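Q: Got a minute to go through this model with me? I'd like to start with what counts as a touch between residues.

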Amino acid sequence: MPNNDRQKTVQEMEAPVVNLTVDEKSIDTNPKKERPMGREYPHARRDMPEKQLFEFAEYHAQDAERTGYSNYSYWKSVWANFIKNKPAVIMTIVFLALFIFTFVASAIGKYDINMKPDPINRAYLPPSAEYWFGTDGIGRDYWAQVWYATRASILLAVLVSLGQIAVGVVIGLIWGYVRKLDRFFTELYNLIDNIPTIIYMTLIALMIGKSLLTMGIAMIAFGWLATARNVRNLVFMYRDREYNLASRCLGTKLSRILFRNIFPYLISVIILRMALAIPGTIAYETTLTYLGLMDITKPSLGMLLSSARAIFPRASYTLLFPAIIVSIITITFYLVGNAFSDACDPRNHV
Amino acid sequence: MVKYILKRTGQSILTILLVVSIVFLLMRLMPSDYFFTEDELIKFTEEQKEDKLRRLGLLDPPLVQLGNFYMNLIKVEQVNDAGKVVTDGTGHLRVSLNLGESMRLEKGQPVTKVIAQKMGISMNIGLISLAISLVLGVVLGVLQANFKDGLIDQIGTAYTVIVNAVPHLVIYTVIMIAGASWFKLPMRYSGRMNTELSMVLPIICLSVGSTAGYMLWTRRYMVDELNKDYIRLAKLKGLSNTQVMFRHVLRNAFVPLAQYLPYSILLTVGGSLLVETFFSVPGMGPELTKAISRYDLNLVQGIVLLYATMGIIGVFLGDILMTLIDPRIKLTGKGDVR
Amino acid sequence: MTKGNKKKALMLLLVLVSVFAVGFGGFMSSRSALADEIKDLQTWETQARELETWNIHYSQAAADLNVLTNLIDGLLTNDNHGNLKPNAAKSYSSEDGGKTWTFVLNDGMTWFDKDGNVKANVVAQDWKTGLEWILNYAKNDSYNVSMPNEMIKGAQEYYEYTKTLTETEGADAAKALTVDGKFSELVGIETPDDKTIVYTLVDQLPYFPSVATYNCLYPLSQAMIDEMGVDGYRDVTWENMWYSGPYTVTYFVNQNEKVLTKSKNYWNDANCKRFDTVTVKMVESIATGYQLFTQGELDHISLDQATTQEIYSDPSNEFNPYLVEARPTKYSYQMHLVYNKNKEDGTPDVNWNTAIANENFRKSLYYGLDLTAYFARTNAINPQSCQNYCYTGNGVAFTSDGKDYTSLVLKEIGLEYDSTKYTRFDMDKAQEYKAKAMEELSAKGVTFPVEIDYYIAGNSTTAADTAKVLEAIFDQLGDDYVKLNTKTYISSIANEVRKPHLASFFINGWGADFADPINFLGQETYNDTAAFYSNNYSYINEATDADLIADYEEFTKLVNEAKAITTDLDARYAAFAKAEACFIDHVLAIPCNYEVSWELTGINNYSKVYSMYGMQGYRYVDWETDKNLYTTDAMKAAAEAYAAE
């Protein structure tokens, strides 16, 4: 499948490489020094002597805010933009309801997850008033199984994707910003990316174990690549934009450039990544279950899917219920991710 | 350009060697009992097991094994016209890649031969499916972009979302059962009878997902492009919609797709784990997992070498292809990250 | 995102649901009624069981031998009752009570290539060449040496000789060896003429002829080795191998399909019934296999639990009248208890080790586990068909009046098979033993509930479900007493579980290699390096409890006494039955089950080679078939006719 990241690479190739040398001495390193309030001197620049106009300005924290001031709030705009997108809002509510329901469901179900099996009398009973989702092959209530699995899978997926994004963003920022490390990270990336993940996963499962925690960490350890690459490419694009050059000329600090100037552009991508990572993790969990690398003594959506598949088309409800839930989760995150990432893009804030 | 290609080739070879070496050493971390079947574990004594492993060189220190692997990688031998190896100096030289012999899955067969056979079948199915999904995906994507927010666009979006939402495991199962019971299509690949017919279902399975992918990205790139100023200018100038769409929009939108194309083509050698397992296609898809779990280290080595090479060459070719179709792009050696 | 989205979202769900509607649709069958006998058999195998080598001497895996047994004829084979039957050898005899055995070959046997071109005659010397290959360390990597080494005179010496030679002078020196020279000097195999083979054994071994069905005594033509070289034969393929059996391979694609075609020049054509072709199709799972079956692409299929129950519970199902119960597989399953278990951190699990060494504790498990629900996982319709109360498998050995050896054991331990109930289960007795065990063990500092670790394959959700059933079965003994914990391994139980001693017990099946109880009981003896289960599963040799060791020593003594009786087979079996009863009475392992599943088949199961040992079970020879499938009644009739034979 084609990947939009490639486009970023294209753009980035066109981006001019500008080397900037800043006269360190000209930057005032003590921002706390008493300054006249910018707003009190609205015509300060007009009154400057001509010579001063062509020299580096001293850094004044309040002056720096001056032109940026409006009653604009980033997150308020994000929110305003987001709730305009009705389907996304609805799906978010559906998803939250689904997630909360996973806790409620086990309480209102007639049987709990530790129900005693009875493969002789109760195996594969179709859905009924007694067993709302039918029973599985050993006669346990499938309702309890499905909701337990949903909760476990969502939790794992959310934690893993958060981890992947966090690691990916940090590495991506360093990779993109520190030129000297570019070669190193590029090689590291190529290396990890070209070794099939199943080799790592098998070895980790074999040598450390395959508890949920281990496998979760392993998924994070090899899942940050895409995000990091994406972030790195974006940092590349924006770091040398004119407004950043200007900002740097004005002596703005690095952290401030990264977090106030560049980060807002990243948020939309990060949200989109996150939205794709959650269903991705659930799909990956299914594959890992198929390969025997997940703990199958407790139900998860991946496990239910692969065991139901083996008996399909008999007892087709055993495949249907978990598949519908996975589909809802994926569609939600697809819609919500798109909507939220649009809302997060400052270019859409007017 | 030439300098760039040379430099990039050098880097690629280095990366491939590094990948292969790391996998080689990683695989040596696995316990060697995986080499034996449960049948054999029951019947073999410890001593017999050790003999067997020693004979295959698996008990040497990993670095020695790695050295041996590289020492024997290129095999130069003299062969006569009939292809038989001779030692009396009458034949001509033949240079071949020697990845050793499969230790388990096809005991004693050269890894290159095993991979070549499986690769052919996977590529056959993969390329047909790639062609289908590329054509279908791009055409539908163009239609979607052209009638943005119309019925076609909505159906198309629904399709892409569903395909991405429903787990592939489930989609494949449904296609398999439906195809077999309603259309009476063979649900097992056969190289012997009705080969073409038996490839239909695996190809459909493979195409379902990638068509959705091409649709999604074609539409997205086209829409992005449509919003650009030069398109408005072109329309104002009075160019017909078709001309604008195909001469300008599609051409520009196709660049990022094209960059990915060589990679996709080359990676069809890898096959698909799920599809090939489900339809008993004797291809590359399940081979890596099987080779790992059966400790067939030579085969793992060969497969990883193949994947890494194809992946790296694919990206390389993609970048070059892109400069060819879009003269604005220059390769600088920077940012050659996939 | 625009206003069309609400519609879109709805539409998505609709399409989604319709995608699944496919799953609900009925699945029509295309099986049609045609002529009676099957001429071209279409059979199956799951993908994990693909053949790995075409070299019959070089294989110890059932997946290989199930194919290869059709391609080359051994000295003897089995009939549908499991009796020995002449094959390449028309007769065999021993003059001295089983120390030397003489086999006389049939006339007209030839070696041929896959196209049927005759390459050479099959002669007695081929068995010599075959045995030399097996015993030669450099040629066969020690595959299949254990049985010849234990039984044939001089085999062990020759094996050691080739091993030393390989180590001192290199593999080429050992590979250059032939039957002339050292081999003839040392090994007890003679060929007085082209048709006669005489084996000299280390001892009187009455069961030796059954070993002649096994691949360690298969022939090999020196002419073929001359043609392709030693390394060439080691890596032989179906395309260049020499055949002598009822079928030749005409098509093979790894992981996909193999076609066995009736051999053109088969010496025994007049006396055996063969299929024109046998196509073995590799399927992903038996669920996929069932789909193929409904398409008419297979002639028989085993059924999984879901399918069995669906067909059984629905009288209108087209396959309902055709459900037949398969014959048991050749494996006798036991719960092998582990006497030296470690915890996951590598320290000894003292709690378990102390508990399991207590006989009352073991007896409470023996009587208190009602395995019916466990059996239902393999056989949902008649779970009790799976019951197993003995250690040795059914059909391995028979007394002179035709009774199965295991009936002697059953008499000794006082149990009987009953198709309606699990007769061993007795909760009252179990509770008595439980009370005693808790008292004795508490005194020794054992904490209750005793944690029991059971390991299953990590990719098998079926096994995970079965384990849940087992957990419930153990729970019946009281949660104050035992607690079963299910744990998983990734791909090798030997490596991940057995070696680090992590499991409390294993459920494992043993299939015999030859027709004698020693092949079963000999795996459990105390302080015996050849005893497989003692050394690799129960780790009894590392146990310290005096009572437990005394029980094991008593059992070992009885086995050795029985083993020494070589002339009077009835007396030998009676003695083995005593030893086995001692083993079961002390509950040193818990007999568990047989695998008896359900199937739909066009093959009369009772006409197939039925052998509880060795590798002849998959020979596609003399099978009775019916293209229209056997009905439940027809198969019952066949079973009755078979019992009456």
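A: Sure. Two residues are in contact when their C-beta atoms, placed from the backbone, lie within 7 Å. Keep in mind that this is a predicted model.

Q: OK, so with that cut-off, what does A:Ala205 touch, leaving out residues up to four places away in sequence?
A: A:Ala205 touches A:Lys210 and A:Leu293 in its own chain, plus C:Ile490 over in chain C.

Q: And where does A:Ala205 sit, and is it buried or exposed?
A: A:Ala205 is part of helix H8 of chain A. It's buried, because 25 other C-beta atoms lie within 10 Å and the bar for buried is 20 or more.

Q: How far is A:Ala205 from A:Gly292?
A: Their C-alpha atoms are 9.5 Å apart, with the two positions 87 residues apart along the chain.

Q: Back to that chain C partner. How many residues are in contact between chains A and C?
A: On the chain A side 41 residues, on the chain C side 37. Four helices of chain A each give at least two residues to its side: H5 (86–108), H8 (197–207), H13 (301–311) and H14 (317–344).

Q: Which one gives the largest share?
A: H14(A), with seven residues.

Q: What's the chemistry on the chain A side, by class?
A: There are 25 nonpolar residues, nine polar and seven charged.

Q: Zooming out, what is chain A built from?
A: Helices: 14 of them, and zero strands. Of its 350 residues, 43% count as buried. Looking at contacts in chain A with a separation of 6 or more, 73% come from residues 24 or more positions apart.

Q: You listed H13(A) and H14(A) at the interface. How do those two pack against each other?
A: At an angle of about 145°, with the axes 9 Å apart. The crossing is left-handed.

Q: Which residues meet there?
A: From H13(A) you have A:Leu301, A:Leu304, A:Leu305, A:Ala308 and A:Arg309. On the H14(A) side they meet A:Thr318, A:Leu319, A:Pro322, A:Ala323, A:Ile325 and A:Val326. By class, that contact has nine nonpolar residues, one polar and one charged.

Q: New topic: the nonpolar core. How many residues are in the largest one, and which have the most contacts inside it?
A: The largest has 359 residues, and B:Val300, B:Val304 and C:Ala579 have the most contacts inside it. As background, nonpolar side chains tend to be buried together in soluble globular proteins.

Q: What is B:Val300 in contact with, apart from its neighbours within four places in sequence?
A: B:Val23, B:Met27, B:Leu288, B:Ala291 and B:Ile292.

Q: While we're in chain B, why does B:Ile13 count as exposed?
A: Because B:Ile13 has 12 C-beta neighbours inside 10 Å, and 12 or fewer means exposed. B:Ile13 is in helix H1 (residues 2–27) of chain B. Its C-alpha is 8.9 Å from that of B:Ile312, 299 residues away along the chain.

Q: Last one, chain C. What's the strand order in the open sheet of three strands?
A: E13-E20-E14, with antiparallel pairing. The edges are E13 (300–302) and E14 (324–325), each pairing on one side only. E14(C) pairs with E20 (residues 598–601) over two bridges, and C:Glu325 stands opposite C:Trp598 in E20(C).

Q: Which helix packs on that sheet?
A: Helix H11 (residues 286–294) of chain C, touching E13 and E20. Its direction makes about 150° with that of E13(C).

Technical notes:
Residues numbered from 1 in each chain as written. Chains lettered and ligands numbered in written order. Predicted model: local features only at pLDDT ≥ 70, side-chain atom pairs only at ≥ 80, totals over all residues. Nonpolar A, V, L, I, M, F, W, Y, C, P; charged D, E, K, R; others polar. Core = buried A, V, L, I, M, F, W, Y, C linked by C-beta atoms within 7 Å. Pairing = 2+ DSSP bridges. Axes fitted to C-alpha atoms, helices over the stretch in contact; angles between N-to-C directions. Left-handed = near helix turned anticlockwise from the far one by under 90°.
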